[in-house]
Every structure is written in C-alpha cells, then in structure tokens.
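Me: I am new to this structure and would like a close look at a single part of it. Please take the nonpolar patch on the surface and say which residues form it.

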Amino acid sequence: MAPAVTRLVCRFPNCNRVFKNKSGLTQHTHAKHGTPQIQNLNRTAPLAGPGFIPPRSRSPTPAGVIDENIYDDPAGDQGFVPEEGTWADMGRLLRTFHPHLTGLKCDANGAFIDQDAPPPPHTDAPPTDWTPYDNRVEFETAEFLFTRNQMSARQIDTLLDLWAATLIKHNDAPPFANHRDMYATIDATPLGDTPWKSFTLCYNGAKPEQDVPPWMDGQYDVWYRDPLEMTRGILANCDFDGGIEYSP
C-alpha cells in the first residue's frame, strides 16, 4: 500500500534533495539550478535511473494507464539513481524504485549485454534424443516401473534378473542392471521437474525430566527442491515469454 506522503526527488546531477510537494521542488530548482535547461531535468522527476523500463502494456502487473512520454529525458541524465525507498510523484500513482534491480539484460556471468539483442534461439531436442536414457525402451521401462506400477526395489531387481537371463544367449542385457542403476538414471534426467532432495532433523534442545513429548525424540525428513534450479526451469520455459516483470 502506497504511503500517504509524496516525495519528489531533484533530478539535477549530484543533488540528492527530496521534497514533499512540487512547490518546494520548484523553489529549490529556481534557487539552486535556475536555468531553463536545468528546470527541464525536474520535469521528469518520476524517472528511476539507469536501466529504468516504463510499464509495458503487456506487463502482468501494470502500474496503470501512463503516458510513456513522461519518461523522456531531454538532458540524458543516465547516471541518476534515487535513494532506496524514494517515492516519486506519478500523478494519481506512487511508485518506489529499487536502486539496483533494474531488470537489465546480462550474460550468465552478470555482465551487461546489448539491451536490444534478441535471446538465443530456443531449440527443441530431436525426437531421437532420450538423454540420459539410451533409447525409448529405457525411458518407458523406467516410467512404467517407477511411475505407473510403482514397483518395489526388490521386485525391480527380480524382474531385471529374469530379463537378463532371457538375453544371455543373445549376448545382450536389459535396460538397467538393477534398481539402483534405474534410480540413478531417473535422478539424472535434465528435463521435467527439478529433483527432490531431503535431509533429516531432530530436536536437540532442553527436555523435561519426565513425560518427554514424542516429538522431541523423533526424527523428521525435510524434502525440498533447489530454488535456483526451479528458477532456471521457469525462465527457460517458453510458455512464460512476455509474462514476467524483471524490474521490481
């Protein structure tokens, strides 16, 4: 929710003065920077600084109907960054800008690149690529045993041993050596959901001398997914193209 107090920032380079109303900003401009060219700097006080991108019509959370011409910067002051948490007057709206998260395009190492450069082309894997499975039979075997049938590890080993016995005379082998081989291949699958990980925790604080609650002696499994890998998966998903606002 926007605060009740509106703050206006002087856009003159190296001037960090902040004012509660337009009258104070105007008086300051005439007194300290009183030229027509300098007055134009404060005409566009809502500018956020380097890399600021005005709300686009396709933005999932538009800031309202805004005349994008108000973002023109005739003085070319691209070095201005308002104080963190500063609120700028935007007519009926108030908006605060983050001083560093500007949404500028960068490479994998964080170095800024040409902002007009298109993203690298997205290429789908060929229909014969079943990585990390060697072929379609391996994939469908794992899918059937692990997902649809949900066979136990011991039964998977029994099935694979019988399968191997029928292939010995052909000098061949089943898709997996045992259940561990199959599980390792499933965990190495790069596509689809981010793999689950887990750790165990228990209470190690002070306990009462009598009637210890069961939860104090218990162990608990915590399952989670790597947030970084999940974010990479979201950003790599073409279904979200045009639906993410990168600048807070």
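Reply: The patch comes after a short account of the model and the chain. This is a predicted model, in which local features need pLDDT of at least 70, side-chain atom pairs count only at pLDDT 80 or more, and totals for chains, interfaces and linings use all residues. Residues are numbered from 1 along each chain as its sequence is written, and side-chain values use heavy atoms, with hydrogens and water left out.

The protein chain has seven helices and six strands; these are DSSP runs numbered from the N terminus, helices being H or I with at least four residues and strands E with at least two. Along the sequence their pattern is β-β-α-α-β-β-α-α-α-β-α-β-α. The protein chain exposes about 18100 Å², and carbon and sulfur atoms supply 54% of that area (Shrake-Rupley method, 1.4 Å probe; for residues, only the protein chains shown count as cover).

The nonpolar patch is formed by Phe-199, Leu-201, Trp-215, Tyr-220 and Tyr-224, which together have about 500 Å² of accessible area. Strand 5 (196–202) and strand 6 (219–225) are the elements that give two or more residues to the patch. Patches take residues with over 30% relative accessible area and no salt bridge, joining like charges within 9 Å and nonpolar side chains (Val, Leu, Ile, Met, Phe, Trp, Tyr) within 5 Å; a salt bridge is a side-chain nitrogen of Lys or Arg within 4 Å of a carboxyl oxygen of Asp or Glu.

Phe-199 lies in strand 5. Its relative accessible area is 41%, so Phe-199 is partly exposed (buried is under 20%, exposed over 50%, partly exposed in between; 1.4 Å probe, protein chains only). Of the 248 residues of the protein chain, 23% count as buried.
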